[in-house]
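The following note sets out points for a colleague examining this model. Please read them alongside the sequence and the coordinates.

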Amino acid sequence: MEWSEVEVHTTNEAVEPVANVLTEFGAAGVSIEDVADFLREREDKFGEIYALKREDYPEDGVIIKAYFLKTTEFVEQIPEIEQTLKNLTTFDIPLGKFQFVVNDVDDEEWATAWKKYYHPVQITDRITIVPSWESYTPSANEIIIELDPGMAFGTGTHPTTQLCIRALSDYLQPGDELIDVGTGSGVLSIASAKLGAKSILATDLDEIATRAAEENIRLNKTENIITVKQNNLLQDINKSDVDIVVANILAEVILLFPEDVYKALKPGGIFIASGIIEDKAKVVEEALKNAGLIIEKIEQQGDGVAIISKRGVE
């Protein structure tokens with residue numbers, strides 16, 4: 001079995017949209033090499049648990065590597081993949097110097113190429129995300145989320161994912177009903193289930209993402225709480241009493257459905273919106289206000305922003 005590695009050199013702000021494009025084209029796994037992971041000062045309380053080597057990281061920016069079975073269909077799609085990535089600039093997503101390279105890899109390289117970049121990530125004092133192949137001994141009352149990042153983008157290492165999980169830790173109450181829009185790997189749904197949510201609907205437009213989410217949900221034994229549905233945002237989701245809606249997706253996509261979020265939430269319900277780069281935060285904030293939502297808090301980690309809003313008590 002032959003594999004191809006697509007290597008994209010871009011900016012940190014473009015990580016999520018680029019990774020999403022690659023998974024939509026059928027990538028079987030995505031790894032991220034971010035020089036900021038090596039250069040930044042690390043806090044003792046939370047942060048990735050890495051054995052870092054400078055040579056593992058680019059001189060600047062981010063290198064995203066995605067792995068595809070080398071089929072005739074994939075080879076024919078290579079120009080389309082590159083052009084789709086370049087078109088992200090039409091959404092004001094900065095790509096930096098942008099380099100796109102395709103390499104051949106053998107089975108052994110594919111099996112291990114991305115694993116050296118993914119290790120346990122402590123998100124809060126209660127929640128740690130652990131790759132499924134690593135041994136990890138939790139402390140008392142620590143919540144462990146097991147993920148296989150070879151299945152879909154959404155490993156918990158990206159700042160906007162961490163912001164969402166921390167917001168869920170702050171706002172989710174045991175017994176809450178929740179919708180996770182654009183679930184990806186299912187990490188936010190799994191975190192919500194382990195924090196005590198009673199019922200979770202996890203949606204994603206991409207079939208690859210929904211399959212990956214289902215695998216990770218089974219891995220974490222949360223399938224009795226989480227229902228996965230292939231769906232376009234909140235279209236045809238007839239709910240009006242949800243405690244929390246969470247969406248870790250592009251700002252441009254969040255702008256498409258704040259009114260639907262308002263309708264889905266019960267009075268006092270919370271909307272956690274992230275996947276937002278700093279430059280887009282203000283326009284998202286205004287759109288949420290225009291939909292009738294009240295801004296509770298705005299959190300930032302690096303260039304990622306999370307906006308927490310709520311439906312007022314009527």
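1. Residues 38-54 have pLDDT (the predictor's confidence in each residue, from 0 to 100) under 50 throughout, and the model gives this stretch 32 contacts (heavy atoms within 4.5 Å) beyond four places in sequence. Across the protein chain the average pLDDT is 84, with 84% of the residues at 70 or above.

2. This is a predicted model, in which local features need pLDDT of at least 70 and side-chain atom pairs count only at pLDDT 80 or more, while totals for chains, interfaces and linings use all residues. Residues are numbered from 1 along each chain as its sequence is written, and side-chain values use heavy atoms, leaving out hydrogens and water.

3. Helix α1 (residues 15-24) and helix α3 (residues 72-86) have axes that come within 10 Å and cross at roughly 155°. The two helices are therefore roughly antiparallel to each other (angles over 145 degrees, between N-to-C directions). Val 18, Val 21 and Leu 22 of α1 meet Ile 81, Thr 84 and Leu 85 of α3. The residues of this contact comprise 5 nonpolar, 1 polar and no charged.

4. An open sheet of 7 strands follows the order β11-β10-β9-β12-β13-β15-β14, with mixed pairing (two strands pair if DSSP finds at least two bridges between them). Its edge strands are β11 (226-230) and β14 (293-301), each pairing on one side only.

5. Strands β9 (residues 177-181) and β10 (residues 199-204) run parallel and are joined by 5 bridges. Asp 180 has Ala 202 in β10 as its bridge partner. Helix α7 (residues 207-219) lies across β10 and β11, at about 165° to β11.

Notes: Axes are lines fitted to C-alpha atoms, for helices over the stretch in contact, and angles run from 0 to 180 degrees between N-to-C directions. Helices (H or I, at least four residues) and strands (E, at least two) are DSSP runs, numbered from the N terminus. Angles under 35 degrees count as roughly parallel, over 145 as roughly antiparallel, 65 to 115 as roughly perpendicular and the rest as oblique. Ala, Val, Leu, Ile, Met, Phe, Trp, Tyr, Cys and Pro count as nonpolar, Asp, Glu, Lys and Arg as charged, and the others, Gly among them, as polar.
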